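Q: I have a model open and would like to learn how to read it feature by feature. Could you walk me through it?

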Amino acid sequence: MKLLKIVFAGLIALGLTGCASIIRPLGSVEISDLPKSSASIIKEIDQLPAPAGPKISVAVYNFKDLTGQRKNSTTLSLFSTAVTQGAESYLIKSLLEAGNRQWFTVVERVSLDNLLKERQMVKQTREIYDGDKAKPLPPMTLAGVIIEGGIIDYNTNVLTGGTGVAVFGIGPYTQYTQDQVVISLRLVSVASGEILTTVTIEKNLLSTHEGTTAIKFFNQNTKTFEIDTSQTFNEPGNYALRSAIEQAIVELVKNGERLGLWKFKESTNELVQKETQSKGAVKTDGTQK
């Protein structure tokens, strides 16, 4: 009979494991909610209105980790960095895909030395075999603006906490930790060197630890039976970084439109509405206002 009670307690503990999710901290991300690597996290970046003019040619030289932060550990000295050292790849990808690839033309500047060496090799090879008739390479695309910035801050354990409940020694619990990453982007004019606009974005990273514990004393409290099941979810650092970069590009485009650096292309509905309003502006005597 006692064995049946122990088994019954274990089954209840396993059944309550799913209940821990009801006390997941606000803002946490489910694994199933994480987008694929090729998908945008901030949907607004895909829905940006098209520019009224041609694509804007931009150059990205680097997007460095300026925090100097190392991975957090309470027991070991870690030399791995807390954030990626190749964040410019995320920035370039997001710029290319902004507004369904209608906003920016990104020129290669991260590996400019390799590009120049390859062009020099092509030029020399053509001159060797074709002589004076060697066909020159077309000029490289020049950027009108440069996007500068980087990861300027990374804060660990900005918020920690946990909750739990137990009935007859059986119940779920959860613990969570929140980190924060901060990035900055600025748009610089190549012609004048003026900083046209700048944005700063903060994003949070959540790590959760959830589980269920069951403890049962039997045989006159001389023996115990304990079950402990748990799972840990660490929100990927690249998720917060990618979402911060995409949100920064959205704000950069909106700021540029407000400052008159560029204009949004009017949609068909807006053009029809303006035409209807202009036709409706007629004086009582039948002449246009």
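Q: Happy to start with a single side chain: why does Trp103 count as buried?

A: A quick word first: this is a predicted model. The general idea is that a residue counts as buried when its relative accessible area is under 20%. Trp103 has 0% relative accessibility, so it falls in the buried class. Its sequence neighbour Phe104 is buried as well.

Q: How many aromatic pairs does the structure hold, and how do I read their geometry?

A: Look at two numbers, the distance between ring centres and the angle between ring planes; planes over 60 degrees apart count as edge-to-face, those under 30 as stacked, and the rest as tilted. The structure holds three such pairs. One of them joins Trp103 and Phe104, with 6.0 Å from centre to centre and 40 degrees between the planes, a tilted arrangement. Another joins Trp103 and Phe264 in an edge-to-face arrangement, at 5.9 Å and 85 degrees.

Q: Which parts of the chain does the pair of Trp103 and Phe264 link?

A: Here you compare position in sequence with position in space. The two residues are 161 apart along the chain, and the pair links distant parts of it. Trp103 sits in the loop between helix 2 (87-97) and strand 3 (104-108), while Phe264 sits in the loop between helix 4 (237-258) and helix 5 (268-280).

Q: Why does Phe264 count as partly exposed?

A: The partly exposed class covers values between the buried and exposed limits, 20% and 50%. Phe264 has 25% relative accessibility, so it belongs there, whereas its partner Trp103 is buried at 0%.

Q: Which residues form the aromatic cluster?

A: Once you have read the pairs, it helps to ask which rings belong together. Trp103, Phe104, Trp262 and Phe264 form one cluster.

Q: Which residues does Pro49 touch, leaving aside those up to four places away in sequence?

A: Contacts tell you what packs against what. Pro49 touches Trp103 and Phe264, the two partners of the edge-to-face pair. Pro49 itself lies in the loop between helix 1 (2-15) and strand 1 (56-60). At 34% relative accessible area, Pro49 is classed as partly exposed. You can also check C-alpha distances: Pro49 and Val253 are 9.6 Å apart in space, with their positions 204 residues apart in sequence.

Q: Which residues should I look at for backbone angles, and what is the sign of phi at Asn100?

A: A positive phi is worth noting in any residue other than glycine. Asn100 has a positive phi, near 55 degrees, and Arg101 has one of about 65 degrees. Asn100 lies in the loop between helix 2 and strand 3, and Arg101 is found in that loop too. As for accessibility, Asn100 counts as exposed because its value is 54%, while Arg101, at 48%, is partly exposed.

Q: How many cavities of 30 Å³ or more are there, and what lines the largest?

A: With a cavity, read the volume, then the lining, then where that lining comes from. There is one cavity of 30 Å³ or more, and the largest holds about 30 Å³ of space. Its lining consists of Tyr90, Lys93, Ser94, Arg242 and Glu246. Helix 2 and helix 4 each supply at least two of these residues, and helix 2 gives the largest share, with three. By class, the lining has three charged residues, one polar and one nonpolar.

Q: What lines the second largest pocket?

A: A pocket can be read in the same order. The second largest one contains about 160 Å³ of space. Among its lining residues are Leu116, Arg119, Lys123, Glu127 and Pro136. By class, the lining has five charged, four nonpolar and one polar residue.

Q: To finish, how many helices and strands does the chain have?

A: For the overall view, combine the elements with burial and contacts. The chain has five helices and seven strands, in the order α-β-β-α-β-α-β-β-β-β-α-α from the N terminus. Of its 289 residues, 31% are buried. Among contacts between residues at least 6 apart in sequence, 70% join residues at least 24 apart. The chain exposes about 18,200 Å², and carbon and sulfur atoms supply 53% of that area.

Terms used
Residues numbered from 1 in each chain as written. Predicted model: local features only at pLDDT ≥ 70, side-chain atom pairs only at ≥ 80, totals over all residues. Heavy atoms only, no water. 1 Å grid on protein atoms, 1.4 Å probe; cavity = no way out; pocket = protein on both sides within 12 Å on 5 of 7 lines; lining within 4 Å. Points joined across faces, edges and corners; volume = space filled by probe spheres on them. Nonpolar A, V, L, I, M, F, W, Y, C, P; charged D, E, K, R; others polar. Phe/Tyr/Trp six-rings, centres within 6.5 Å; stacked < 30°, edge-to-face > 60°. Buried < 20%, exposed > 50% of the residue type's maximum accessible area, 1.4 Å probe, protein only. Helix = DSSP H or I, 4+ residues; strand = E, 2+ residues; numbered from the N terminus. Contact = heavy atoms within 4.5 Å. Areas by Shrake-Rupley, 256 points an atom, 1.4 Å probe, with all protein chains shown as cover.
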